[in-house]
Amino acid sequence: MKILVVDCCIRGDESRTRKLYERFLETVNEEWTVEILDLNKADLRPLNNADINERDMLVKKGETNHPMFRYANAFKEADKIIIAAPYWDLSFPSLLKVYLEHISVTGVTFGYEGTEAVGYCKAESLLYLSTCGGYIGESHMGADYVKAVAAMLGIDTFKAFTVEGLDIDPSKAEDILKTGMERMIKETL
Ligand SMILES: Cc1cc2nc3c(=O)[nH]c(=O)nc-3n(C[C@H](O)[C@H](O)[C@H](O)COP(=O)(O)O)c2cc1C
C-alpha cells in the first residue's frame, strides 16, 4: 500500500506545514510505502497550448504511460494521498494549482460517462494539511477547492486539518504548532 505525499511547502525546511505532515507520517503503519513528491523540485510549469494539444493527442493514441503523465499516474495509483500546502493569499501557492493541472487529465485520472464525470483514482482518502498566519473563519478556500478536485478524480473521503494563527505572535508559534500537531493526530486518525 502506498501513501503519496504531495509537498507544496515552498519554504522547505523552514516550513511549519512540512513539520505537520512529518509528524503525521510518524503515525503511519510501517507496512505502508511513503513516496514524497516535493513540488519545489519537480519539473512543473503551467500548461500551455502546445502541452494541451500534445496530451490530447497522446491520450487519443492510448499512450498514457508517456512521461508527461507521470504525476497523473502516480496520483491515480496511490492508495492514500496527503497534500501539504501553506495557506497563501486565501488558498494555496500557485505551484499546487500547476500540479493539479498536471494530474487532472481526461482519459487518465477521470473521464466522462455520458455527461457525468467519473473519477479513476483509487486512493481511499485524501488528507489536506495546511498552516496559516491568521484565522481563516468558516471557509478554507484552498481545502474546499482540493476537496472538489479530489471528488472529481474519484476520491470521496476527504479530510482537512489546519493549524491557524501562527504569525500573530511569533513567540507563541512553536507552542501553537505543537498543540496543533497533537490535535491533528486525534482528529485525522
Ligand atoms: C505569500 C504568502 C501569502 C500568505 N497569505 C496568507 C493569507 O492569505 N492568510 C493568512 O492568514 N496567512 C497568510 N500567509 C501566512 C502563512 O499562511 C503562514 O505563515 C503559514 O504558516 C506558512 O506556512 P509554512 O510555515 O509552511 O511556510 C501567507 C504567507 C505568504 C508567504
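Student: What makes S3 and S6 count as paired strands, and in which sense do they run?
Tutor: S3 and S6 are joined in the parallel sense over 5 bridges, and two strands pair if DSSP finds at least two bridges between them, so the requirement is met. One of the bridges puts Ile81 with Leu126 of S6. The names follow DSSP runs numbered from the N terminus, a helix being H or I over at least four residues and a strand being E over at least two. The model is a predicted one, in which local features need pLDDT of at least 70 and side-chain atom pairs count only at pLDDT 80 or more, while totals for chains, interfaces and linings use all residues. Residue numbers start from 1 along each chain as its sequence is written.

Student: How do you know that S1 is paired, and which strands are its partners?
Tutor: Strand S1 (residues 2-7) pairs with strand S3 (residues 80-84) in the parallel sense over 5 bridges, and 6 bridges join S1 to S2, again running parallel. Val6 illustrates both pairings, since this residue stands opposite Ile83 in S3 and opposite Leu37 in S2.

Student: What is the order of the strands in the sheet, and why do S2 and S7 count as its edges?
Tutor: The order is S2-S1-S3-S6-S7, an open sheet of 5 strands with parallel pairing. Strand S2 (33-38) and strand S7 (158-163) each have a single partner strand, so one side of each is left without a neighbour in the sheet. Between neighbouring strands the average turn is 15°, with direction ignored. Helix H1 (residues 16-25) packs on this sheet and touches S1, S2, S3, strand S6 (125-131) and S7, its direction making about 140° with that of S6; such axes are lines fitted to C-alpha atoms, for helices over the stretch in contact, and the angles run from 0 to 180 degrees between N-to-C directions.

Student: What makes S3 an enclosed strand?
Tutor: A residue is buried if 20 or more other C-beta atoms, placed from the backbone, lie within 10 Å of its own, exposed if 12 or fewer do, and partly exposed in between. In S3, 5 of the 5 residues are buried, so the strand is largely enclosed by the rest of the structure. Side chains in a regular strand alternate between the two faces of the sheet. Both faces of S3 are covered, with Lys80, Ile82 and Ala84 buried on one side and Ile81 and Ile83 on the other.

Student: Does S2 lie enclosed or in the open, and why is Val34 called exposed?
Tutor: The number of buried residues in S2 is 0 out of 6, so this strand lies largely in the open. Val34 is found in strand S2, and its count of 12 C-beta neighbours inside 10 Å falls within the limit for an exposed residue. Val34 nevertheless touches Ile3, Val5, Leu25 and Val28, leaving aside residues up to four places away in sequence, where contact requires C-beta atoms, placed from the backbone, to lie within 7 Å.

Student: What makes Asp89 and Leu90 stand out in their backbone, and where do they lie?
Tutor: Most residues other than glycine have a negative phi. Asp89, however, has a positive phi near 45°, and Leu90 has a positive phi near 70°. Asp89 is placed in the loop between S3 and helix H4 (94-103), and Leu90 lies in the loop between S3 and H4 as well. With 9 C-beta neighbours inside 10 Å, Asp89 counts as exposed, and Leu90, with 10, is classed as exposed too.

Student: How many helices and strands does the chain have, and why can it be called as compact as a globular protein of its length?
Tutor: The chain has 6 helices and 7 strands. Its radius of gyration is 17 Å, close to the 16 Å that the globule rule gives for 189 residues, so the description holds; the radius is taken over C-alpha atoms, and the rule is 2.2 Å times the number of residues to the power 0.38. Of the 189 residues, 32% count as buried.

Definitions and conventions
Contact = placed C-beta atoms within 7 Å.
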